[in-house]
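Here are some exercises to work through with the model open beside you. Try each task before you read its solution.

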Amino acid sequence: MGAVRKVESAASTRVGKGARYRADWRDPQGRKHAKTFATKKEALHHLAIVEGDKARGSYVDPSGARQRFGDYAKTYVDNQQWRPSTRALVASSMKNHVLPVLADRPIGVIRRSEIQAFVTGLTAKLAPTTVETVYTTVRCIFRSAVRDRIIIDSPCDHIKLPEIVKKEVQCLTRDQVSSLIEHMHPRFRALVSVGVGTGLRPGEIFGLRVPRIDFLRRRLSVEEQLQTLSGHAPCFTPLKTKASQRTVPVPPFVIEALSLHLAEFPSTDVVFTTPEGALINRTRFHDRFWTPARIAAGLPASITPHSMRHTYVSTLIGQGTHPKAIQALVGHASIKTTMDEYGHLFPESNEQTTAALENVFGPSAAKLPTNNEGELRRNA
């Protein structure tokens, strides 16, 4: 239990001169703390709150809230078990947007209104999706501080974010795929076939290795991806999620394209490399090979390497493939992700319901007696 004792305070413009009451207590770790109040009643009330918080396990060390946001954020970031790409993204967000504004602020004095002003400032210069990404990092840091008993609650409460307008996916037609292959650099023509024929993510295509392809059974396994992190050379990294590790059936036209590719550009490891034989840097591939081929094929700038994956999914949907099967084939962690991204491509449920009922009950309904036939039977 804590204790309250009377103390004499020196004269000051804030509290004046005279008797004061100091509350002394120990935190759950046994460390001593003290705080002075104008009245004994206030001191006792504070001790009651402290003891209650200790009993509930919700005690917060008041000294913790005085540490700088930047110091706590560094500890938080350093301790996370993120994929390299995620760590690079967070590091960029912290350096360019978060720390210049919040680094030197005591973490316990940052208020909700300050976070809202921070988000509003970002909205004026960044895309809504980027604002959400930066804010999510800040929110996670404050949530961690609450769990660590550094602060009582998070200021990231009821923060209004900019609206994200979902863009419809851009898909390729059969003629556009043919034109893109025709104008693509010879080393990457098979890459287009793999993209539209298997639905692999660009990084998964760049990281595709020959031993992962089963030419006899016409399937390939996705086990890693190739990524280019800022300031680093391309490297192999773990897949996006556990669901991303999968086996994908490969149609005959892709098997043929891969066979021809490996006959012309032999490899026992990575299938697709640059003309110099190096691993593919995604940005340089886009600028050096994809964009020239896209322009030559007469395709809009909205067509990106990811459009090959969208084309694969839209083709499966058009052929009536079940959403759960599509989820497994493209490596989404949940069906929600699949439907959020591609739900608008599925046929309208009302049309499907009407067609299904007509197919089942239509023939029987056609055999029902007309009003005149029914009247004749009743009279007979």
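**Exercise 1: the enclosed space**

How many cavities of 30 Å³ or more are there? Find what lines the largest cavity, too.

Solution. Keep in mind that this is a predicted model. Start with the count, which comes to one cavity of 30 Å³ or more. Next, take the volume: the largest cavity has about 40 Å³. Now list the lining, which is made of Leu-200, Glu-204, Gly-207, Leu-208, Arg-209, Arg-212, Ser-221, Val-222, Glu-223 and Glu-224. Finally, sort that lining by class, and you get three nonpolar, two polar and five charged residues.

One of those lining residues, Arg-209, is worth another look. Arg-209 lies over the face of Phe-236, at 3.8 Å from the ring centre.

**Exercise 2: the largest pocket**

Describe the largest pocket: its volume, and the residues nearest its centre.

Solution. Volume comes before lining here: the largest pocket has about 1400 Å³. Its lining takes in 35 residues, and Arg-83, Ser-85, Leu-89, Thr-133 and Lys-240 lie nearest the centre. Then ask which elements help out. Those giving two or more residues to the lining include helix H3 (84-102), helix H8 (202-206), strand E6 (225-227) and helix H13 (335-342). The largest share, six residues, comes from H5. Sorted by class, the lining of the largest pocket has ten nonpolar, 18 polar and seven charged residues.

Now pick out Ser-85. Is Ser-85 buried or exposed? Its relative accessibility is 18%, so Ser-85 counts as buried, the cut-off being under 20%. Ser-85 has its place in helix H3. Leaving aside neighbours within four places in sequence, Ser-85 is in contact with Gln-227 and Leu-229.

**Exercise 3: pairs of rings**

Count the aromatic pairs, then work out why Phe-69 and Phe-142 are classed as they are.

Solution. The count comes to six aromatic pairs. For Phe-69 and Phe-142, the ring centres are 5.3 Å apart and the planes are at 35°, so this pair is tilted. Look at where the two sit: Phe-69 is in helix H2 (residues 69-78) and Phe-142 in helix H5 (residues 128-147), 73 residues apart, and the pair links distant parts of the chain. Check the surroundings as well. Phe-69 is buried, with a relative accessible area of 0%, and Phe-142 counts as buried at 0% relative accessibility.

Try a second pair, Phe-285 and Phe-289. Their ring centres are 6.1 Å apart with planes at 40°, so this pair is tilted. Both residues lie in helix H10 (residues 282-296), four residues apart, about one turn of the helix. An α-helix has 3.6 residues a turn, so residues three or four places apart point the same way. Phe-285 is buried at 2% relative accessibility, and Phe-289 is buried with a relative accessible area of 8%. To finish, follow the ring pairs outward: they link Phe-188, Phe-206, Phe-285 and Phe-289 into a cluster.

**Exercise 4: an enclosed helix**

Why can helix H7 be called largely enclosed by the rest of the structure?

Solution. Go through helix H7 (residues 189-198) and note that nine of its ten residues are buried, so the helix is largely enclosed by the rest of the structure. The buried ones are Ala-190, Leu-191, Val-192, Ser-193, Val-194, Gly-195, Val-196, Gly-197 and Thr-198. Take one more step along the chain: just after H7, Gly-199 takes a positive phi of about 75°.

Key:
Residues are numbered from 1 along each chain as its sequence is written. This is a predicted model: local features need pLDDT of at least 70, side-chain atom pairs count only at pLDDT 80 or more; totals for chains, interfaces and linings use all residues. Side-chain values use heavy atoms; hydrogens and water are left out. Rings of Phe, Tyr and Trp (its six-membered ring) pair if their centres lie within 6.5 Å; planes under 30 degrees apart count as stacked, over 60 as edge-to-face and the rest as tilted. Buried means under 20% relative accessible area, exposed over 50%, partly exposed in between (1.4 Å probe, protein chains only). A charge sits over a ring if NZ of Lys or CZ of Arg is within 6 Å of the ring centre and within 35 degrees of the ring normal. On a 1 Å grid over the protein atoms alone, a cavity is a set of points where a 1.4 Å probe fits but cannot get out, and a pocket is an open set with protein on both sides within 12 Å along at least five of seven lines; lining residues have an atom within 4 Å of a point. Grid points are joined across faces, edges and corners, and a volume is the space filled by probe spheres set on the points. Ala, Val, Leu, Ile, Met, Phe, Trp, Tyr, Cys and Pro count as nonpolar, Asp, Glu, Lys and Arg as charged, and the others, Gly among them, as polar. Contact means heavy atoms within 4.5 Å.
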